[in-house]
Amino acid sequence: MTQRYSSKAPPTPTALDVPARAMTIGAHPDDAEFGAGGTLARWADAGCDVVMLVVTDGSKGTWDHTVDAADLILTRREEQHRAAAVIGASETVMLDHRDGELEYTLALREELCLWIRRLRPNVVLTHDPWRRYMLHPDHRVTGWAALDGVVAARDHLFYPGQLAEGLAEHRPAALLLWAADEPDHWEDISATFDRKVEALLCHSSQGATTMGNAATRAASPTTANNMPTRWAG
Ligand SMILES: [Zn+2]
């Protein structure tokens with residue numbers, strides 16, 4: 001759903017109906033905010049129940065040699081909860097897989113299927129695993145596992161043990177891929193663009209790495225404001 005930087009003007013945004021529940025599946029704290037924070041905030045304002053699922057613990061997300069990985073996990077968890085509050089999300093789920101070492105396994109697919117069946121979202125939003133040159137392995141793995149989790153969640157013969165425990169199969173009405181390789185859907189986030197930036201700024205531990213502000217190692221409004229113009233969703 002997100003536009004790659006291009007000289008071509010994007011078409012007029014085409015809004016989906018506001019879903020009753022939206023579920024993001026992001027590899028790291030801050031991925032869903034980058035990918036779809038404006039849309040999520042707008043939906044939350046309109047009564048959508050937004051649930052943010054984060055697959056890894058974010059423990060590799062620093063260039064500061066003095067930061068301990070265990071402390072970083074706690075910091076990023078707290079940042080994620082603050083960002084979710086800015087978005088207006090009702091729940092954040094942290095799966096706490098080790099950052100940077102996520103592998104595609106049947107166990108990961110089953111875990112994501114379980115959460116889709118538990119949360120029963122109308123719309124799932126995640127990374128586009130087909131995106132060319134997507135460098136981060138966790139983004140690729142999360143995208144594939146999320147897509148395959150959606151397929152598994154809808155059919156009762158996948159992971160019948162989950163059904164035996166009281167869950168039912170579930171088919172989301174829509175699946176949106178942020179930072180898409182070939183975008184074909186746009187949402188107008190002009191009303192919530194500032195909220196997207198505000199949510200990103202909650203991730204202040206990422207000032208040096210993701211947001212490119214190596215000088216101060218703090219998320220700066222200038223940098224965060226510039227990035228979402230290329231990553232608006
Ligand atoms: Zn990420």
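This is a short tour of the structure in your viewer, one selection at a time.

**Stop 1: the whole chain**

Start with everything shown as a cartoon, and keep in mind that this is a predicted model. The protein chain has seven helices and five strands. Following it along the sequence, you will meet the pattern β-α-β-α-β-α-β-α-α-β-α-α. Of the 233 residues in the protein chain, 51% are buried. Among contacts between residues at least 6 apart in sequence, 80% join residues at least 24 apart.

**Stop 2: the sheet**

Now colour the strands. In what order do the five strands sit in the sheet? The order is E3-E2-E1-E4-E5, in an open sheet with parallel pairing. At the edges you will find E3 (91–97) and E5, each of which pairs on one side only. Neighbouring strands here are turned against each other by 15 degrees on average, with direction ignored.

A general point helps at this stop: strands of a sheet pair through backbone hydrogen bonds, either parallel or antiparallel.

Select residues 21–26 and 49–56 to see two of the strands together. These are E1 and E2, which pair in the parallel sense over six bridges. Pick out Ala22 and look across to E2, where its bridge partner is Val50. Is E2 mostly buried or exposed? Seven of its eight residues are buried, so E2 is largely enclosed by the rest of the structure.

Next, select residues 123–127, which form strand E4. E4 pairs with E5 in the parallel sense over five bridges. Val123 is a handy landmark, since it stands opposite Ala174 in E5.

**Stop 3: helices on the sheet**

Add helix H3, residues 106–119, to your selection. H3 packs on the sheet and touches E1, E2 and E3. Its direction makes about 170 degrees with that of E3. Then show H2, which lies across E2 and E3 and runs at about 155 degrees to E3.

**Stop 4: where two helices meet**

Keep H2 (residues 69–87) on screen and add H1 (residues 31–45). Their axes come within 8 Å and cross at roughly 45 degrees. That crossing angle makes H1 oblique to H2.

Which residues meet here? Show side chains for Glu33, Gly37, Leu40, Ala41 and Ala44 in H1, which meet Gln80, Ala83 and Ile87 in H2. Sorted by class, this contact has five nonpolar, two polar and one charged residues.

**Stop 5: Thr39**

Stay in helix H1 and select Thr39. Thr39 counts as buried because its relative accessibility is 0%. Now add Phe193 and compare two kinds of distance. Thr39 and Phe193 are 154 residues apart in sequence, while their C-alpha atoms are 8.7 Å apart in space.

**Stop 6: Thr192**

For the last stop, select Thr192, in the loop between strand E5 (174–178) and helix H6 (193–201). With a relative accessibility of 2%, Thr192 also counts as buried, because the cut-off for that label is under 20%.

What does the side chain of Thr192 reach? Zoom in on the backbone oxygen of Gly38, which lies 2.7 Å from that side chain. Leaving aside neighbours within four places in sequence, Thr192 is in contact with Gly38, Ala41, Arg42 and Asp45. Look back at Ala41 before you finish: this H1 residue is also among those that meet H2.

Notes
Residues numbered from 1 in each chain as written. Predicted model: local features only at pLDDT ≥ 70, side-chain atom pairs only at ≥ 80, totals over all residues. Heavy atoms only, no water. Axes fitted to C-alpha atoms, helices over the stretch in contact; angles between N-to-C directions. Helix = DSSP H or I, 4+ residues; strand = E, 2+ residues; numbered from the N terminus. Parallel < 35°, antiparallel > 145°, perpendicular 65-115°, else oblique. Contact = heavy atoms within 4.5 Å. Nonpolar A, V, L, I, M, F, W, Y, C, P; charged D, E, K, R; others polar. Buried < 20%, exposed > 50% of the residue type's maximum accessible area, 1.4 Å probe, protein only. Polar contact = N/O pair within 3.5 Å; in protein donor to acceptor, adjacent residues only side chain to side chain. Pairing = 2+ DSSP bridges.
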